[in-house]
Structures are given as structure tokens and as C-alpha cells.
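Where does a folded chain leave empty space, and what surrounds it? Take a look at the model, then read on about its cavities and its cysteines.

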Amino acid sequence: MDARTDLRDLKATVEALDRGKATSTDLVRASLDRIDESQPHLNAFRVVRRTTALDEAREADRRRANGERLPLLGVPIAIKDDTDIVGETTMFGCAGTFAPKDTDAEVVRRLRAAGAVIVGKTHSPELGQWPLTGGDAFGHTRSAWSRDHTPGGSSGGSAAAVAAGLVPAALGSDGAGSVRIPASWSNLVGIKPQRGRISMWPDAESFNGLTTHGPLARTVADAALLLDVVSGNHPGDRHACAPLTVSDAVGRDPGRLNIALSLKIPFTATPTSLDARVRTRIAALAAVLRDLGHEVTLADPDYGMTFGLTFLPRSMAGIEDWLYRLPDPSLADVRTRANARTGRFLRGYPLRAARAVEPRLHRRVGRIFDRFDVVLAPTTATPPLPVTAIDGIGGWATDKVITGACPYAWPWNVLGWPAINVPAGFTEERLPVGAQLLGPANSEPLLVSLASQLESVLRWHEHTPERWW
């Protein structure tokens with residue numbers, strides 16, 4: 001790959017621009033060309049902004065020539081198709097005829113303020129409901145690691161784009177693991193930040209507080225940089241955090257930590273178990289942590305039997321909210337419409353009760369941090385699923401597939417606390433799996449520091465997929 005157009009590392013891309021070794025026009029054109037070449041195979045993008053992005057790249061080059069410097073000035077970035085950008089539609093994986101947006105989302109405004117060039121919008125399953133990225137509206141998005149497997153979801157298009165080197169980093173969103181799951185299945189770092197760290201505006205909150213934007217990148221430093229760029233609040237936000245800079249924690253010694261290794265699956269309504277291939281990789285990661293001087297002990301957070309009942313009203317009512325924004329809700333998947341009906345049923349007292357109990361859950365689950373600094377857990381229970389795993393099946397069958405594969409991530413969305421997926425290696429079939437580093441409120445710097453330490457040993461960013469597309 002030409003060093004002038006290497007898109008595999010965000011910080012290196014910024015450095016190449018700062019030193020004059022590359023131009024934004026070259027980088028953005030290379031990104032767009034790779035998107036076009038891969039699109040019939042990976043199918044990562046719903047919108048490609050070729051003309052507009054090249055215009056913005058030329059403007060970024062002009063600004064740089066005049067001495068201007070910004071954190072991402074001229075860097076190609078992708079965003080998920082649940083996020084508004086002026087002049088483009090936000091379809092969120094759905095069918096129908098949508099009107100272009102006339103206002104940027106707050107997170108896009110911050111990307112623009114940092115100088116980023118948004119080359120396109122990436123695919124998501126319908127309303128972000130499933131940990132696979134596919135649907136009748138656009139077909140399947142495939143993993144850069146295997147044509148037969150999903151990159152995960154719901155931020156699967158963003159994950160596929162970064163893993164394939166189409167962009168150096170991308171934004172996703174995480175309402176039940178939707179950044180961490182595709183990061184796990186794509187050998188990437190994915191950060192779900194503290195609720196309120198990143199604005200969800202034009203919504204005061206998303207999915208009743210479950211969902212937040214988050215970065216996907218090859219390295220901890222890249223993910224941290226993107227997180228810092230987009231962090232901050234809009235006056236209309238329901239949730240807000242005191243500002244902090246996570247990039248400062250990259251390379252910082254986390255000290256000797258007490259880490260809880262938690263393999264227990266939080267309560268689900270369907271049978272679940274931890275695949276032996278994932279268990280092996282998590283055990284190997286725990287061994288690395290011990291070698292680094294940390295104390296790793298088997299221990300589980302106290303989720304309790306009712307924890308899942310607090311997730312369901314918030315998620316299903318969120319689906320109903322989104323469904324009736326669509327120009328034609330009747331075009332939605334039958335499973336989506338069924339979930340929206342459940343959301344309507346749960347919208348009253350069950351939703352209020354689910355939200356009211358959150359402080360009690362903070363206290364109960366948070367007790368583990370009286371003894372431990374960080375929780376290490378699998379991100380998923382299985383390696384990546386086949387792209388067709390939920391095609392043509394009913395709602396209950398779909399629920400069994402997705403909860404069987406992805407039962408570990410959602411509790412931290414209920415709590416609103418930070419979590420980071422780190423790559424944990426590969427199965428014998430060369431399929432990526434990942435692990436979560438979970439912390440209490442506002443613990444992103446600690447998690448980033450520990451993830452960075454792991455990366456310095458495991459060097460996961462040096463493992464790239466063999467091109468099949």
C-alpha cells in the first residue's frame with residue numbers, strides 16, 4: 001500500500017498530513033476508490049459522498065497550506081447511518097423514501113469542527129436491533145476477515161470499513177453492544193463511553209438512555225483520539241459528563257490492578273453458553289494480564305434475575321420511537337413491527353419503573369468495584385456468526401440466535417458505564433474474538449490505559465485480514 005495513502009492508522013494519517021507527506025485530496029480519493037472497489041463484496045456503505053467529500057478535501061488542503069491545524073483536518077472518516085449529516089438521508093437500515101437532513105447531528109458538527117472529511121455513511125441492521133448487519137433494504141454486509149461471516153452489528157458497516165482499511169476510523173453507536181460486538185468480530189478496538197460523554201443530539205437521548213456513539217479503530221490511541229474529538233454536549237442533552245481527555249491515558253502505566261474475570265452470562269430468557277473457542281481466548285488474555293503484574297481473580301458482578309427486565313422496556317420503546325419516524329413503517333421487517341408493538345405495551349409504567357431502578361442497579365453491580373478495579377469479560381459468547389444466521393426466521397428464533405451469541409454486552413448499557421472491546425485473538429478458523437474491559441462510572445482513562453498496555457504486548461493492530469474482495 002502506498003505510504004501516502006495508507007488508511008490503516010488514524011494517528012499516522014494525521015501525522016502524514018501534518019508533515020506534508022500526504023494531501024487530504026489523495027487520502028480521501030484513495031478512501032473513496034477503495035470503498036467503490038469493495039462495495040459489491042463487503043457492502044459496508046449505504047451513502048458514499050464522493051463529490052462532496054473531494055470538495056471538502058480540497059478545502060482542507062487549502063486550509064493546511066494557509067497554516068491551519070486541527071485534530072483531524074483533512075482525514076477521511078465514516079459515520080453510521082443512524083447519524084444525521086446535512087444533505088443526506090438517515091435510513092438506519094430501513095426501506096423507504098427518506099428526505100435529506102437539513103442539520104448535522106451534534107457529533108457530526110464536532111467532527112467537522114475538528115476538520116474531518118466524512119466520506120460516507122455505513123450500514124446498520126434495521127433500527128440497530130441485531131448483532132448482524134443485513135436486511136431487505138440493502139442485503140448483507142460481510143466481514144473483512146471472511147466473506148461468509150458477519151462483521152457484527154449493529155455498527156457492522158463501520159467495523160467492516162475500518163477492518164478493510166477503507167477508512168482509518170469510524171463512528172458507530174452502542175445500545176446493547178453495537179460498537180463492542182463488531183469490534184470483537186473484526187479485530188478492532190471499540191469504545192462504549194460513559195452515557196453523556198458524547199451528545200446524541202438532535203435527540204436528548206437515544207433508546208431511553210441505552211445508546212451512545214462510540215469509536216471503532218485498529219488501535220487504542222486511534223479510538224481514544226476519535227473519542228476525544230467527538231466528546232461534549234449540546235444544551236438539549238438529557239445526560240452530560242464533566243469533560244475529560246482519554247488520549248492522555250494512552251501509554252500511561254495503569255499500575256498493578258485487581259481484575260475480576262467474569263465468565264458468567266447475565267440473565268437471558270433463552271439458553272446460552274460460552275463457546276469453548278472464546279473461553280480459550282479470554283483465558284489467554286487473562287494470562288497476559290497476570291504476566292503484566294495484575295491480579296486476576298474469578299468473580300462476577302451481581303446482576304440479579306431482574307436486571308434484564310430493565311433493559312427490555314427501554315430498548316423496545318426505543319424501537320417504537322424510531323419506527324414511527326419512518327416515512328412508511330409498514331415497510332419495516334415483521335420482527336421490527338412486533339418489537340415496536342411490545343415497546344408500545346411497555347411504554348407506561350414498565351418503562352418508568354425500569355428507569356427508576358437504575359440507581360439501585362448501580363449500587364448492586366457497583367459493589368464489585370469495592371474489590372476490583374476492572375472487570376474482564378467476553379464481549380460475545382461465540383465467534384462471528386454466518387451472514388445469513390437470522391435470515392427468514394421468526395422473532396423468537398431470532399431472539400434465540402442473537403442472545404445465544406451476544407449475551408454479555410447489554411448490562412453496561414443499562415448502567416451507562418464505560419466499556420472497551422479489545423481484540424483477544426483468533427479461532428483456529430482465523431475468526432476474530434474480543435474481550436471487554438468494564439469499569440465504573442467515568443472510568444474511560446483507566447480502561448484506555450489498561451487496553452493500551454495490552455496492545456503494547458499483543459500488537460493486535462499488526463494482524464490484518466487477507467483480502468478476499
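## Cavities

This model is predicted. A search of the whole structure turns up two cavities of 30 Å³ or more. Rolling a probe the size of a water molecule over the atoms shows where such empty space is left.

## The largest cavity

The largest cavity holds about 80 Å³ of space. Its lining is made of 13 residues. Nearest the centre lie Arg195, Gly196, Ile198, Met200 and His239. Sorted by class, the lining has seven polar, three nonpolar and three charged residues.

## The second largest cavity

About 40 Å³ of space lies in the second largest cavity. Its lining consists of Ser262, Lys264, Pro266, Tyr303, Val375, Ala377, Tyr408, Gln436 and Leu438. Two strands, β11 (374-378) and β13 (432-438), each supply at least two of these lining residues. By class, six residues of this lining are nonpolar, two are polar and one is charged.

## Cysteines

A disulfide is a covalent bond between the sulfur atoms of two cysteines. How many disulfides does the structure hold? It holds zero. Cys94 is in no disulfide, and the nearest cysteine sulfur, that of Cys406, is 20 Å away.

Why does Cys406 not bond with Cys94? The two sulfurs are 20 Å apart, which is too far for a bond; the cut-off for a disulfide is 2.5 Å.

Are these cysteines buried or exposed? Cys94 is buried, with a relative accessible area of 2%. Cys406 is buried too, with a relative accessible area of 10%.

Notes
Residues numbered from 1 in each chain as written. Predicted model: local features only at pLDDT ≥ 70, side-chain atom pairs only at ≥ 80, totals over all residues. Heavy atoms only, no water. Buried < 20%, exposed > 50% of the residue type's maximum accessible area, 1.4 Å probe, protein only. 1 Å grid on protein atoms, 1.4 Å probe; cavity = no way out; pocket = protein on both sides within 12 Å on 5 of 7 lines; lining within 4 Å. Points joined across faces, edges and corners; volume = space filled by probe spheres on them. Nonpolar A, V, L, I, M, F, W, Y, C, P; charged D, E, K, R; others polar. Helix = DSSP H or I, 4+ residues; strand = E, 2+ residues; numbered from the N terminus.
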